[in-house]
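Let's take a friendly walk through a protein model, looking at how helices pack and how chains relate.

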Number of protein chains: 2
Amino acid sequence: MGSRAGIVVTGTEVLTGRVGDRNGPWLAEQLRVAGVDVANVIVVGDRPDDLRAALDFLARSGVDLIITSGGLGPTADDLTAEIVAGFQGRPGALDAALEQQIAGIVARLSAGRGWRVDPEATAAATRKQALVPAGAGVLAPVGTAPGLVVPAPDDRPGPPVVVLPGPPGELRPMWPHALAHPAVVVALADREELHQRTIRLWGTPESELAATLRAHDAELAGLEITTCLRDGELEIVTRFGPAAQAAYDGFEATIADEYAATLLSTDGRTIDQLVTDTLRERGLTIATAESCTSGLLAARLTDRPGSSAWLLAGLATYSNAAKTELLGVPADLIARVGAVSEEVAIAMAEGARSRVGSDVAVGITGIAGPDGGTPDKPVGLVHFCAVGPDRRIARKLRIPGSRDDVRKRATTQALHLVRAVLTD
Amino acid sequence: MGSRAGIVVTGTEVLTGRVGDRNGPWLAEQLRVAGVDVANVIVVGDRPDDLRAALDFLARSGVDLIITSGGLGPTADDLTAEIVAGFQGRPGALDAALEQQIAGIVARLSAGRGWRVDPEATAAATRKQALVPAGAGVLAPVGTAPGLVVPAPDDRPGPPVVVLPGPPGELRPMWPHALAHPAVVVALADREELHQRTIRLWGTPESELAATLRAHDAELAGLEITTCLRDGELEIVTRFGPAAQAAYDGFEATIADEYAATLLSTDGRTIDQLVTDTLRERGLTIATAESCTSGLLAARLTDRPGSSAWLLAGLATYSNAAKTELLGVPADLIARVGAVSEEVAIAMAEGARSRVGSDVAVGITGIAGPDGGTPDKPVGLVHFCAVGPDRRIARKLRIPGSRDDVRKRATTQALHLVRAVLTD
């Protein structure tokens, strides 16, 4: 059967998108790894009735555990602990030891930040955060808010509710303690581990893959396959129990065979990882020369720890003068063919390589929009050049979408071009 | 009373966090602007029972409209149209004209991308996407998938379901047509516009603000206030109907008065907007010299259109040699005090300003981690320097969190430092 959980993410700021939800997907992934199936993530605003309705829906849908994130702060719109206590029929009482512990944390934090603190406001906030529902377990605070494990009422069966704070930096360290709490261990007694494997293709349309999946339908029993097309990259994620390992191996071999030309990885590695792994393994260094993407490629190349082994420098040469002074792109070349041209992309890449002294370099110049396009050089036109130890490749693309889309997709395209100059 | 809507975002890739949900928050915001209250956003995987349960929950909770996103693609895990048709008791039938329209779009798309296409696979995918539930309205496709407006069954009252595609580039242009569809207009007859205003503070603890809100509780009737602390920035968002305008004006004046020292903006502008607005208004140019943030600041400074007016160049000088060669930071200085030091941050900022010829420059050097820390210079230690036309400020911070957190927060801190050198 397996165990199932439901997640409730609270916060009007998350519901309206002012803050992206980093907890729902993270918790879903942690639960999956722990062998717990996630039914859904419900995002609700800071409104008592909506939170109660979500808890009720999940409890009725028969999940074994409910997890909430957020709404444990000191302000009046932070209502989660109180609502969950009411839902489980367990009134809150002040835990004096916890109150003292929180007061100590707040004092240390305020001193460290040099904040002036109103003692009365702080005491009220601390008291609020130290209210514990009757019979609930306390998860030690990472920030100032403790987590809670609140069992179902004694007179009604139902899932326990794990109440976690909203800031990811507090929620994540608290999670292992929640999972290890005796009431949670009992609730998730039926969990069973699932494997998850990811295959990535680059340049295969989703409809082609759909046809392949239909053709091999009989061999795919026991595999839960989901596909997702993102910026030209087709991601195939498969989940399966231990009994379906052979079916998965066969599926992976089929894809690797039928899509050899577009296969990026069968081990889940992204283009970012493939490029930086190759640079590290071959002991090569790289430099970037970016105009329209202005630092996005340099930032992605240093996303992973240890990146000083491959990235020497990134030059975001936004103005024409910067292209000339920092990269040595001849001013008369820019005047003749324009900054957005194959010639300038090549001169940027070659200039970055010689100025920085790297083995590999990339030049990107384009029109991110929304203004600045012409009939000849429309918004979305981007010229790329990658130079490596053995070869140089220039490419031109017309990228659709918003300014943000053009900048992000151009960055991804540049990584694929680097991979091409590094591959035989 | 007002109208209420519920949103269902489908996709195992969203539920597990492989793809961030860009549709739920966006739709919630659009609905809010249109005067529709959003009860919740439910994320479900590509599983028929979970999607059905979410639809059932929302219909029972009394919302006036349900909106789904995703699951309209050509693969077998794209089930939304079929499930919604079943839920509303309206079996799908092939719409021949729509099939022809989609086939034309697919042919143009494939030709443009130079993809080889299997005609049989394409025809099957097209047929699937051209199935329309009986009595449903069709929203013209932006990509290949049409949207649907599926009314409740004739024999049971309930909300209509608007079915939209998952890719934001398809969903967003389709939304105005969905909102204007007669069945949707009828369902949302009670909508009434709400105002939303945002105030930002920098360096005020949330508990202080909570005390202020409590003290002024009686004057805040009719205001729905939510607060959110993010990277040191306290965001106060208030929603209110036209009748509460005076209450809001009073609240804004109270905050501006009590928190004059930490007030960032009362018009919702972020630190990014404040800095780039100031640069543009004063006709000043900027250059960046980044080590641990490696391009993130240059990317943020060019996020807005027209950024070539202020950013001349960004130098991500990751290696020590790059700091020396590109910025003129003396090699013996780095050898003596280390790359992560106030002296080097200053030399980076001054070097960027003189090499690029900008009015303003920023230097950032720190240890993003997770490795590379020492007792003297722990992970999270970041030195900043901003130089402007009138002054220079250096600052040192110890930033908590992951590598990603340190890099992002250091970028935000650098923007605040630029604001400081630009302000009297």
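Keep in mind that this is a predicted model. Two packed helices are described by the angle between their axes and the distance between the axes. In chain B, the axes of helix 11 and helix 16 come within 9 Å and cross at roughly 35°. The crossing of helix 11 of chain B past helix 16 of chain B is left-handed.

Which residues of the two helices meet? The table lists them.

| Helix of chain B | Residues in the contact |
|---|---|
| Helix 11 (residues 271–282) | B:Ile271, B:Asp272, B:Leu274, B:Val275, B:Thr278, B:Leu279, B:Arg282 |
| Helix 16 (residues 403–422) | B:Thr412, B:Leu415, B:His416, B:Val418, B:Arg419, B:Leu422 |

Sorted by character, the residues of this contact between helix 11 and helix 16 of chain B are seven nonpolar, three polar and three charged.

Now turn to helix 3 of chain B, residues 48–60. With 13 residues at 1.5 Å a residue, helix 3 of chain B should span 18 Å, and its end C-alpha atoms are indeed 18 Å apart, so the two values agree. Buried residues in helix 3 of chain B are B:Asp50, B:Leu51, B:Ala54, B:Leu55, B:Phe57, B:Leu58 and B:Ala59. After helix 3 of chain B comes B:Gly62, with a positive phi near 85°.

Finally, how do the chains compare? Two copies of a chain are related by a rotation about an axis and a shift along it. Here, a turn of 180° and a shift of 0.1 Å along the axis lay chain B on chain A with an RMSD of 0.2 Å. The two copies are therefore related as by a two-fold rotation axis. Both copies use the same surface, as 100% of the contact residues of chain B recur in chain A.

Terms used
Residues are numbered from 1 along each chain as its sequence is written. Chains are lettered from A and ligands numbered from 1 in the order in which they are written. This is a predicted model: local features need pLDDT of at least 70, side-chain atom pairs count only at pLDDT 80 or more; totals for chains, interfaces and linings use all residues. Side-chain values use heavy atoms; hydrogens and water are left out. Helices (H or I, at least four residues) and strands (E, at least two) are DSSP runs, numbered from the N terminus. The expected span of a helix is 1.5 Å times one less than its number of residues. Buried means under 20% relative accessible area, exposed over 50%, partly exposed in between (1.4 Å probe, protein chains only). Axes are lines fitted to C-alpha atoms, for helices over the stretch in contact, and angles run from 0 to 180 degrees between N-to-C directions. A crossing is left-handed if the near helix is turned anticlockwise from the far one by less than a right angle, and right-handed if clockwise. Contact means heavy atoms within 4.5 Å. Ala, Val, Leu, Ile, Met, Phe, Trp, Tyr, Cys and Pro count as nonpolar, Asp, Glu, Lys and Arg as charged, and the others, Gly among them, as polar. Copies are superposed by least squares on the C-alpha atoms of residues with pLDDT of at least 70 in both.
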